[in-house]
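Biologist: Please take a close look at one part of this model, the aromatic rings. I would like to know how they pair and where they sit in the fold.

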Amino acid sequence: MVVKKRCLLWDWTNSSGPGNPGVPWAMDSVNFNGPISSVSNWNAWVPPELNGRAPYRPMIHLEEELKAPKWDWVWNSDQPIVQYFNEPDKNNISPERAAQAWYDQMVPLRQQRGKKLVGPAISSDENGKNWLADFMNRVSDQPPDFLGIHYYGTDGNAAIRYLEEMHSKYPQPIVVSEIASIDRNVGSVYNFTVQLANFMDKADWIFEYGFFGCMRNLADGFVSPDAQLMQADGHFTELMWKLQNEQPMVPP
């Protein structure tokens, strides 16, 4: 039986738009009958090329998505799960401001539209953990349905310890909305990915996770180039083929 937990992190530039031809045809190479569970593009609009083949995860990326017209897209979406804020701890959004918007807009979204809510996806450093603790304390009577976290590193065992630490602290099922190796050794990148994917597939307290990322160009100099899931021409890397087809994953 296939365990479907792997969210495809599909960069918004893969979709066609003004001045950006994109590579929407690449979506046709995604195996939606395997472990891929959903698609996210860090935005509030659905990639047209998804064409209903998997659930989409709208995201309140930053505070801009709390305003029209993007908020209207989220409110009117027929998708069941909404992600709230992407690394607010690194984007000058205070826990107090995030909690206020949570009560003003996200709680009504859940109550009136029946959405499940993923809490703010924080970075895994101490500042991120402190930010989350403050936020969760402020929304304790209306907590998220899922705990949102990110993890980047080189040591798979350290990553698992972090996930277990967060699980022991908060009762919500976890959505790891971004995870990847930052190692510059290709073998280490593959071993990290295989170890974490197999661990998260088995952990019943992890609802979903997404490896960063399916994009033609490196987002920055942080994530390892060997962790890329898409080549510059829009075709998938070997790692992407393994992620969407193998379960359990095996090293190359």
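**Aromatic rings around F135**

Modeller: In this predicted model, both Y84 and F135 are buried. They belong to a wider set of contacts, as the structure holds 14 aromatic pairs. For Y84 and F135, the ring centres are 6.3 Å apart and the planes meet at 40°; an angle from 30 to 60 degrees counts as neither stacked nor edge-to-face, so this pair is tilted. Y84 comes from strand β4 (residues 81-84) and F135 from helix α3 (residues 126-138), so their pairing ties together parts that are 51 residues apart in sequence.

F135 also pairs with W102: here the ring centres are 5.7 Å apart and the planes stand at 90°, so the pair is edge-to-face. Since W102 is in helix α2 (residues 95-113) and F135 in helix α3, this pair ties together parts 33 residues apart in sequence. The relative accessible area of W102 is 0%, and buried means under 20%, so W102 is buried. F135 also counts as buried, because its relative accessibility is 0%.

These contacts are part of one aromatic cluster, formed by Y84, F85, W102, W131 and F135.

Burial also appears in another element. Strand β2 (residues 36-40) is mostly covered, with five of its five residues buried. Four bridges join β2 to strand β1 (residues 6-9), and the two strands run parallel. One of the bridge partnerships links R6 to I36 in β2.

Terms used
Residues are numbered from 1 along each chain as its sequence is written. This is a predicted model: local features need pLDDT of at least 70, side-chain atom pairs count only at pLDDT 80 or more; totals for chains, interfaces and linings use all residues. Side-chain values use heavy atoms; hydrogens and water are left out. Rings of Phe, Tyr and Trp (its six-membered ring) pair if their centres lie within 6.5 Å; planes under 30 degrees apart count as stacked, over 60 as edge-to-face and the rest as tilted. Buried means under 20% relative accessible area, exposed over 50%, partly exposed in between (1.4 Å probe, protein chains only). Two strands pair if DSSP finds at least two bridges between them.
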